[in-house]
Amino acid sequence: MERDVSDLLSLYNPHDPLDHASTIPSPWYFDTQIEELEQQSVFGRTWQVVGRADQVRNKGEFFTADLAGEPIVVARGEDSRLRAFYNVCRHHAAAVVTEAAGRARLFRCPYHGWTYGIDGVLKGVLEFEGVCNFDRAKNGLVPVKVDAWENFVFVNLDGQAAPLEDFLGKVPGIVAPLELSKKMKFFDRRVYTLQCNWKVYVDNYLDGGYHVPHAHKG
């Protein structure tokens with residue numbers, strides 16, 4: 001019998017003192033209701049890193065990413081402004097940008113040829129003359145909140161989200177002495193598909209190095 005998601009969440013008390021704490025309940029790793037809730041509430045409503053500002057340093061440069069199941073394109077406009085959009089054509093929802101990264105003056109949907117500026121504005125539609133109640137100005141690419149910190153590009157799918165600065169809190173001040181913007185440069189983009197729940201991957205780095213003497217001897 002499938003349990004209600006509220007019942008699954010109540011299996012763990014985050015307020016337990018540390019010496020009484022335990023790992024999260026097993027359903028949190030595999031239950032589809034938990035996964036859906038995470039996509040909506042964790043990845044869909046928080047600032048997430050999707051790339052590096054080095055990738056879009058020049059006008060017209062872009063890169064694509066996926067966040068919470070949504071395709072995203074990040075681009076540097078002709079006005080030098082950094083923007084992000086859902087990588088979805090407003091006509092039949094095809095992916096407008098099919099390359100992982102590159103440089104362009106326009107984005108052209110490969111399905112019906114709708115053309116957008118890298119600022120998201122709809123520039124051209126083919127064989128659409130005479131269509132009633134169609135406002136080109138309202139059919140550009142849908143924007144996504146975007147910002148950068150220490151050359152890391154963040155996006156947030158929640159249009160009402162607080163600024164990235166608020167999300168980071170005290171972190172910028174703590175990290176500033178490392179001078180990451182000066183010392184870290186974009187080198188390559190590599191994608192690894194991990195056959196595990198994302199929390200398993202995070203768990204590995206939350207044990208404070210407990211596994212290091214055993215798994216990484218020497």
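This is a short talk on the two domains of a predicted model and its two largest pockets.

I'll start with the layout. The domain assignment splits the protein chain into domain 1, residues 5–42 + 191–215, and domain 2, residues 48–183. Domain 1 is therefore written as two segments, with domain 2 falling between them in numbering. Taken over C-alpha atoms, the centres of domain 1 and domain 2 are 30 Å apart.

Now the pockets. The largest pocket has a volume of about 1100 Å³. Where does the largest pocket lie? Both domain 1 and domain 2 give residues to its lining, so the largest pocket lies between them.

That lining has 24 residues, and those nearest the centre of the pocket are Val 49, Asp 66, Val 191, Tyr 192 and Leu 194. Two helices, α3 (32–43) and α7 (198–203), and two strands, β1 (48–52) and β2 (61–67), each give two or more residues to the lining. By type, the lining of the largest pocket comprises 13 nonpolar, seven polar and four charged residues.

Next, the second largest pocket, at about 250 Å³. Its lining includes Tyr 12, Ser 22, Thr 23 and Ile 24, along with Trp 28 and Tyr 29. Further along the chain, Trp 198, Lys 199, Val 202, Asp 203, Leu 206 and Asp 207 also line the second largest pocket.

Which element gives the most to this lining? That is α7, with four residues. α2 (27–30) also supplies at least two. The split here is seven nonpolar, two polar and three charged residues.

One last point on α7: this helix gives residues to the lining of the largest pocket and to that of the second largest pocket.

Terms used:
Residues numbered from 1 in each chain as written. Predicted model: local features only at pLDDT ≥ 70, side-chain atom pairs only at ≥ 80, totals over all residues. Heavy atoms only, no water. 1 Å grid on protein atoms, 1.4 Å probe; cavity = no way out; pocket = protein on both sides within 12 Å on 5 of 7 lines; lining within 4 Å. Points joined across faces, edges and corners; volume = space filled by probe spheres on them. Nonpolar A, V, L, I, M, F, W, Y, C, P; charged D, E, K, R; others polar.
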